[in-house]
Every structure is written in C-alpha cells, then in structure tokens.
Amino acid sequence: MVREQQGEASEDAVMTRIGQTVMLHRAGDREEARNRFAQLWAEIGEAGDPLHRCTLAHYMADTQDDPADELVWDVRALRAADSHAGSRSPSASRTAVAVRAFYPSIHLNLAADYVKLRRPEAARRALRRARESARVLGDDEYGDGVRAAIARLELRLGGSTGDPEPPGGHLP
C-alpha cells in the first residue's frame with residue numbers, strides 16, 4: 001500500500017513538473033521550457049510511463065522551432081498514447097480516459113505539422129482522425145476549443161475531412 005502510494009506520488013510529481021514547464025512555455029519562455037522538457041524526457045526515457053511520455057512529447061512539440069522537429073515529437077506523443085491504449089495494467093485503466101482525450105489534440109497537431117511541411121494529404125488524413133477521435137471530448141471549454149481548432153484547420157485546407165455532421169452540433 002505504501003509503495004503504491006509512493007509510486008502514485010512520483011507519477012504526480014512528474015505530471016506536476018510537466019505542468020509547471022507548460023506554464024513556463026505559455027508565459028513566453030520557449031527555450032527554457034524546451035530545455036526543461038528535454039531534461040524530463042531524459043529522466044523518463046523511451047521506456048517510461050506512456051502517459052508521461054505522451055503528455056511530455058505532446059507539449060515538447062509546441063516548443064520546437066523546426067516543423068520537422070515538431071512532427072517528430074508529435075509522432076512520439078502518438079506512439080506513447082498508442083502504447084498506453086494497448087496496456088492492460090491497472091494504472092493504464094485509471095488513466096485511459098486522459099489518454100483518449102489526448103488523441104484529438106495529437107492528431108490535430110500532426111495535421112498542423114503536415115500543413116507546415118506542405119503535405120496536404122497527410123494533413124487531411126490526420127485531421128480526419130482528429131475529427132473522429134474528438135467524439136470522446138466533453139461539452140466543455142477544452143472539447144469546444146479542440147473542435148473549433150479542427151474546424152479552422154479544415155477551412156484552411158479547403159474543406160471537410162469527410163464528416164458531414166459535426167459531433168454534438170458544436171461547429172458551424
């Protein structure tokens with residue numbers, strides 16, 4: 001019991017450190033955020049907790065200056081989410097909802113990466129996945145924001161990604 005609580009506290013500490021670095025980035029210190037994320041990534045490693053890797057890679061992508069580097073981190077986030085989704089551990093079932101909520105944003109970010117890299121077909125495929133996975137999002141600020149971002153990128157790409165009716169009627 002004590003070991004389990006210590007493990008959960010450690011996991012919470014990692015997520016806290018990721019959150020603090022996200023706030024640093026949002027406050028405008030992109031370089032320092034990138035450095036701290038890199039340090040955290042070195043600590044977590046490729047074999048670390050999939051939720052930590054997914055979360056960290058997802059936000060690390062936003063600190064990249066080169067769209068190709070951003071794509072690398074977004075792909076890492078997707079791989080980590082996929083590895084978490086395939087896990088049958090008790091901790092995986094507790095965090096499955098959090099990982100499912102990441103998918104729309106990960107796919108949206110991948111689509112944006114592909115747009116920057118002038119790969120419109122890949123962008124449309126990723127955007128279609130974002131739209132499909134957005135069905136799990138709640139009717140809240142986060143869900144509304146992701147759905148609105150999907151709609152904006154669809155317009156930028158010149159049309160729909162194949163979903164004639166927006167889920168929940170949230171999009172114009």
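This is a short tour of one protein chain, stop by stop, for you to follow in your viewer.

**Before you start**

The model is predicted, so local features need pLDDT of at least 70 and side-chain atom pairs count only at pLDDT 80 or more, while totals for chains, interfaces and linings use all residues. Residues are numbered from 1 along each chain as its sequence is written, and side-chain values use heavy atoms, with hydrogens and water left out.

**Stop 1: the whole chain**

Show the chain as a cartoon. You will find seven helices and zero strands; here helices (H or I, at least four residues) and strands (E, at least two) are DSSP runs, numbered from the N terminus. Read from the N terminus on, the elements run α-α-α-α-α-α-α. Of the 172 residues in the chain, 43% are buried. Buried means under 20% relative accessible area, exposed means over 50%, and partly exposed lies in between (1.4 Å probe, protein chains only).

**Stop 2: helix α3**

Select residues 50-61, which are α3. How many residues does α3 have, and how far does it reach from its first C-alpha to its last? It has twelve residues and reaches 16 Å, close to the 16 Å expected at 1.5 Å a residue. The expected span of a helix is 1.5 Å times one less than its number of residues.

Next, look at what surrounds this helix. Eleven of the twelve residues of α3 are buried, so the helix is largely enclosed by the rest of the structure. Among the buried ones are Pro 50, Cys 54, His 58 and Ala 61.

Now select Asp 49 and Leu 51. Asp 49 caps the N-terminal end of α3, with a side-chain oxygen 2.9 Å from the backbone nitrogen of Leu 51.

Stay in α3 for Met 60. With 4% relative accessibility, Met 60 counts as buried. Add Ala 33 to the selection: Met 60 and Ala 33 are 27 residues apart in sequence, and their C-alpha atoms are 8.1 Å apart in space.

**Stop 3: two tryptophans**

Select Trp 41 and Trp 73 and show their side chains. The structure holds one aromatic pair. The ring centres of Trp 41 and Trp 73 are 5.0 Å apart and the planes stand at 85°, so the pair is edge-to-face. Rings of Phe, Tyr and Trp (its six-membered ring) pair if their centres lie within 6.5 Å; planes under 30 degrees apart count as stacked, over 60 as edge-to-face and the rest as tilted.

Where do the two partners sit in the chain? Trp 41 is in helix α2 (residues 30-44) and Trp 73 is in helix α4 (residues 67-85), 32 residues apart, and the pair links distant parts of the chain. Trp 41 counts as buried at 11% relative accessibility, and Trp 73 counts as buried at 10%.

**Stop 4: the largest pocket**

Switch on a surface. The largest pocket holds about 340 Å³ of space. On a 1 Å grid over the protein atoms alone, a pocket is an open set of points where a 1.4 Å probe fits, with protein on both sides within 12 Å along at least five of seven lines; lining residues have an atom within 4 Å of a point. Grid points are joined across faces, edges and corners, and a volume is the space filled by probe spheres set on the points.

Select Arg 26, His 58, Tyr 59, Ser 105 and Tyr 142: of the 17 lining residues, these are the closest to the centre of the pocket. Which helix gives the largest share of the lining? The answer is α5, with six residues.

One of the residues to zoom in on is Tyr 142, in helix α7. Tyr 142 counts as partly exposed, at 40% relative accessibility. Its C-alpha is 9.6 Å from that of Ala 101, and the two are 41 residues apart in sequence.

**Stop 5: a loop and a tail**

Go to Arg 118, in the loop between α5 and α6 (120-133). Its phi is near 60°, a positive value in a residue other than glycine. Arg 118 is exposed, with a relative accessible area of 76%.

Finish at Gly 158, in the segment after α7. Is Gly 158 buried or exposed? Gly 158 is exposed, with a relative accessible area of 68%. Gly 158 and Arg 124 are 34 residues apart in sequence, with 9.9 Å between their C-alpha atoms.

Key:
Polar contact = N/O pair within 3.5 Å; in protein donor to acceptor, adjacent residues only side chain to side chain.
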